[in-house]
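Here is a quick tour of some side-chain contacts worth a look on your screen. Have the sequence and the structure open side by side as you read.

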Amino acid sequence: MDLLRFATAGSVDDGNSTLIGMLLYDSKSIFTDQLEAVERASVSMGAQYTELALLTDGLRAEREQGITIDVAYRYFATAKRKFIIADTPGHIQYTRNMVTGASTADLAIVLVDARKGILEQSRRHAFLVSLLRVPHLVLAINKMDLVGWSQEVYEDIRQEFIEFAAKLEIPDLATIPVSALTGDNVVARSENMPWYQGTALLNHLENVYVGSDRNLMDSRFPVQSVIRPHSNAFHDYRGYAGKIAGGVMRVGDEVIVLPSGLPSRIAAIDFGGKALEEAFAPMSVTVRLEDDIDISRGDMICRPNNQPAVTQDIDAMVAWMGGEPLRPGQKYAVKHTTRRTRAFVKDLYYELNINSLHRNDTAQELGLNMIGRIKLRTTTPLLADPYSRNRETGGFVLIDERTNRTVGAGMVVHT
C-alpha cells in the first residue's frame, strides 16, 4: 500500500494538534483506551469538550501549556493509503523541530487561524516548506466556525497566501477551509460551507500523487554498513547495506564506487531474505558486487556516467537551530548521507528575511531560526548533489562537537 509522509505546521494555537486528533478520530484510527485516556485528561484539565489535541501533545510541558514542543509522530491507514504524520510545533522557539519534521515529508499542511490571517510564523513555515523542497503544500484555513463560515474571510486569506507563495518554489498548492474542532472538511465535506466546492482534507491526502516526486534518474546508493555474516551458510557473502537515495538499481548494471572511482557490476540485490532483479528509491537493500573492492560506510555506489560531485567546497542554504550564532571561521561536524566529516564556515554570503525574502548582504552571523547562505570547506570530500535535484544527497546537518547537538540544517545549492 502506498505511503504518504506529511507534516503539519502553523503558528501557536492555530490548531495543528487538534486537526490531527480529529483526523485520527473521524477516520477511526484511535483505540478505545486511547480515547478514554484523552477524555479523562480533558476532564481533569477542566475542558468543556474532549481535547483531541492531547493525542499528539504527549509531553507534560505540552499539556500544561497547551502547545506542541516536540515533533510527535502518529501512524494511521485508510483503505487507500498509509500515513505517517509529523505534528510539528508552532512556537518560534521550536522552529528547529519543525524543520526536523518537514525534512522527510512528501506533503506539508500549514494551518492558519481564520480570525488572525497570515502571521509571520505562517510565512516562516511556508518558506521552510519551500526551502526543504516539500513538493506538496496544503493551506488549511482553520477555525472557520469562529468567523461564521465566511467565504469572504476564506478568500481574503487564500489570496494573500497565494501572492506570498508565488515568490517561493511550491509545485503544488491546495487550500481547504476547515474547522478542526468540529470536524468540518477534515474527513467529510462540510454542510456549513456549501460555497466550497473542493474536497475534504483526508480525501486530498488519500489522492495526492507522489510517485513522480522521487528522483528515479540519478542512481545513488550511500553505503551504511558492510554485511559479512562469517558463517558456514554464507561463507563468502559480502554485501553493502543502505537506503537507495535515488534512481533504480538492477542486477547486471555497471557501477562505480566513490570516492575511490573503482568500477564493478551489480551481482545481486537482497531485500528481506529475497533476491530482487531491481530496486529503487527509497528502498533499503543489500547490494552485492562482482568484484571485491574496499568499500566502507560513507562510500557511494552510482552509475559511471551519472555521478554526484566529489568536493570539499559546498555552497548551501542553512536553517540555523543553535543557541550560539553561526559565524565565519567556526568549525562543525557535518553529517551527510552516511558520511561524517568536519568543516569550517568559509563565508557567510547573506541572511534571508523571512517576510520580505530580501537578502541582508551585511549580516555577520546567523542567530537562532535565521536562514542564510554559507560556504563550507570540509576536511574530506562529500559526495553531493544540489538539494533541488536530490533531497537525500543534497541535505546535511551541522553538529556542534562540544555538545553533540544538531545546530544547523543545510541544503546544497551547488558544488
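## Salt bridges

Start with Arg 158 and Glu 155, whose side chains meet in a salt bridge with 3.6 Å from N to O. Keep in mind that this is a predicted model. The two residues sit three apart in helix α6 (residues 151–165), so about one helical turn separates them. Arg 158 is partly exposed, at 28% relative accessible area, and Glu 155 also counts as partly exposed, at 31%.

Now jump to Arg 220 and Asp 385, another salt bridge, this one at 2.8 Å, N to O. Arg 220 belongs to strand β7 (residues 220–222), while Asp 385 is in the loop between β21 (371–384) and α8 (391–394), so the pair ties together parts that are 165 residues apart in sequence. Both Arg 220 and Asp 385 are buried.

## A small charge network

Asp 113, Arg 115 and Lys 143 are joined into one network by salt bridges that share partners. Within it, the side chains of Asp 113 and Arg 115 meet at 2.8 Å, N to O. Is each of these two buried or exposed? Asp 113 is buried, because its relative accessibility is 0%, under the 20% cut-off. Arg 115 is partly exposed, at 47%. Across the model, the salt bridge count comes to 23.

## Aromatic pairs

A search of the whole structure turns up five aromatic pairs. In one of them, Phe 76 and Phe 83 have ring centres 4.7 Å apart and planes at 15°, so they count as stacked. Phe 76 and Phe 83 are both buried, and ring pairs link them with Phe 6 into a cluster.

Trp 320 and Tyr 332 make an edge-to-face pair, because their planes are at 70°, with centres 5.4 Å apart. Trp 320 lies in strand β17 (residues 309–320) and Tyr 332 in strand β18 (residues 331–336), so this contact ties together parts that are 12 residues apart in sequence. Both of these residues, Trp 320 and Tyr 332, are buried.

## A negative patch and a buried leucine

On the surface, Asp 236, Glu 290, Asp 291 and Asp 292 form a negative patch. You'll find Asp 291 in the loop between β15 (284–289) and β16 (300–302), and it is partly exposed, at 37% relative accessible area.

Leu 111, by contrast, is buried at 0%. Leu 111 is part of strand β4 (residues 107–113). From Leu 111 to Pro 177 is 66 residues in sequence and 9.8 Å in space, C-alpha to C-alpha.

Methods: Residues are numbered from 1 along each chain as its sequence is written. This is a predicted model: local features need pLDDT of at least 70, side-chain atom pairs count only at pLDDT 80 or more; totals for chains, interfaces and linings use all residues. Side-chain values use heavy atoms; hydrogens and water are left out. Patches are made of residues with over 30% relative accessible area and no salt bridge: like charges are joined within 9 Å, nonpolar side chains (Val, Leu, Ile, Met, Phe, Trp, Tyr) within 5 Å. Accessible areas come from the Shrake-Rupley method with a 1.4 Å probe; for residues, only the protein chains shown count as cover. A salt bridge is a side-chain nitrogen of Lys or Arg within 4 Å of a carboxyl oxygen of Asp or Glu. Lys and Arg count as positive and Asp and Glu as negative; His and the chain ends are not counted. The place of a charge is taken as NZ of Lys, CZ of Arg, CG of Asp or CD of Glu. Helices (H or I, at least four residues) and strands (E, at least two) are DSSP runs, numbered from the N terminus. Buried means under 20% relative accessible area, exposed over 50%, partly exposed in between (1.4 Å probe, protein chains only). Rings of Phe, Tyr and Trp (its six-membered ring) pair if their centres lie within 6.5 Å; planes under 30 degrees apart count as stacked, over 60 as edge-to-face and the rest as tilted.
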